[in-house]
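This briefing sets out the main features of one protein chain for a reader working at the bench. Please keep the sequence and the structure in view while reading.

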Amino acid sequence: MSELITSNNLEQVIEKNNLIKDDILRLTNDFTVRFNKSRVTGQDKLSFSVLKEKHLIQIPIDDEYWGGAIITKGNIKIPVINTAQPRVYQYFVAWHEIYHLFYDLNLMDETHNIAVDMDLNERRADYFAAKMIFGNVYDYYYSLDDEDFIDRVIKCMDVYKAPYKAVLIELFEEAVTKYNDLDLKEKILEHFDNKPENLVQKFIDLELDAELVKPSFVVSLGGLEKKIQNAMKENPDVSHHKDNYQFLLTLKNKIKKGVEGLAK
């Protein structure tokens, strides 16, 4: 995820993006055709809507670097999102998860743990997330009247519901590969490793909704517990329902214990 990206390796990240860009754009087009048949508006709402169809588990975990995971059992894949993270980060993780759910050929019968990772597969997931979230952020950035660079970036965060570094990476890619905007490139490199300490206050100061940069602390097992209990009542002699229920209870306990229980 983007926490490993610094000003020192940002250009290498853009080089990786260029290698996978055509394929990722093909996947974003495929997703739009196949998975938004209800025409949900708002990329933040769409991502959660799709994951909830896969019984999204939402639970707060006290780890600032752990965004989520995909738990697998046989052919079942269950997404998990850490709601102790600010909402803006949850939205990005949701799109990252969607890549792994539908397009990751490497996700087999094991837990996919979204920890800090920079291999190409994780870069593909992050780039997919960025391309699902952003429109023309470069033009929007320059349409703003604010003189302060950070204020402009925060307003981009607000409009696109995207994390600070994700905005900077997208702007940097446009500045370098499309517009040869050396001034913007230097500003991004100068500020990339120095995210404002109090984003909540910055949002308030700019008269923006600060809930975006606060945790939601939602707790939800995605309706799985009730669904399995109903299946057990309807078919009490079917053993795999009991096995699935025990698996869910074990998973629930592991999640509550924290990331250690999910790690392979």
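In which loop is Glu-211 found? Glu-211 belongs to the loop that runs between H9 and H10. The model is predicted, and its confidence is therefore reported below, next to the fold, the helix H8, the cavity and selected loop residues.

**Overall fold**

- The chain contains twelve helices and four strands.
- Of its 264 residues, 49% count as buried.
- Among the contacts in the chain with a separation of 6 or more, 69% are made by residues 24 or more positions apart.
- The chain exposes an accessible surface of about 13,500 Å², and carbon and sulfur atoms account for 47% of that area.

**Confidence of the prediction**

- The average pLDDT of the chain is 86, and 86% of the residues reach a score of at least 70.
- Confidence is highest in H8, at 98, and lowest in helix H12 (residues 259-262), where the mean is 42.
- Residues 259-264 have a pLDDT below 50; in the model this stretch nevertheless has twelve contacts beyond near neighbours in sequence.

**Helix H8**

- Helix H8 spans residues 182-191, and its buried residues are Leu-184, Lys-185, Ile-188 and His-191.
- These four residues lie on the same side of H8, because they cover an arc of only 145° around the axis.
- Leu-182 and Glu-190 are exposed, and they sit on the face of H8 turned away from its buried side.
- The cover over the buried residues of H8 includes helix H1 (10-35) and helix H5 (137-143), together with helix H6 (149-160) and helix H7 (164-179).

**Internal cavity**

- The structure holds one cavity of 30 Å³ or more.
- The largest cavity encloses about 80 Å³ of space.
- Ten residues line the largest cavity, and those closest to its centre are Phe-92, Arg-123, Asp-126, Ala-130 and Ile-169.
- Helix H4 (120-133) and H7 are the elements that each give two or more residues to this lining.
- H4 makes the greatest contribution to the lining of the largest cavity, with four residues.
- H7 thus appears in two settings: it is part of the cover over the buried residues of H8, and it also contributes to the lining of the largest cavity.

**Loop between H2 and S1**

- His-55 is located in the loop between helix H2 (43-52) and strand S1 (57-59).
- Although His-55 is not a glycine, its phi is positive, at about 60°.
- The relative accessible area of His-55 is 22%, so the residue is partly exposed.

**Loop between H9 and H10**

- The loop between helix H9 (199-205) and helix H10 (224-234) holds Phe-217, and Glu-211 is found in the loop between H9 and H10 as well.
- Phe-217 is not a glycine, yet it has a positive phi of about 55°.
- Phe-217 counts as exposed, because its relative accessibility is 51% and the cut-off for exposed is over 50%.
- Glu-211 has a relative accessible area of 36% and is therefore partly exposed.
- From C-alpha to C-alpha, Glu-211 and Val-200 are 7.9 Å apart in space, while eleven residues separate their positions in sequence.

Definitions and conventions:
Residues are numbered from 1 along each chain as its sequence is written. This is a predicted model: local features need pLDDT of at least 70, side-chain atom pairs count only at pLDDT 80 or more; totals for chains, interfaces and linings use all residues. Side-chain values use heavy atoms; hydrogens and water are left out. Buried means under 20% relative accessible area, exposed over 50%, partly exposed in between (1.4 Å probe, protein chains only). The arc is that of the directions from the helix axis to the C-beta atoms. Contact means heavy atoms within 4.5 Å. pLDDT is the predictor's confidence in each residue, from 0 to 100. Accessible areas come from the Shrake-Rupley method with a 1.4 Å probe; for residues, only the protein chains shown count as cover. On a 1 Å grid over the protein atoms alone, a cavity is a set of points where a 1.4 Å probe fits but cannot get out, and a pocket is an open set with protein on both sides within 12 Å along at least five of seven lines; lining residues have an atom within 4 Å of a point. Grid points are joined across faces, edges and corners, and a volume is the space filled by probe spheres set on the points.
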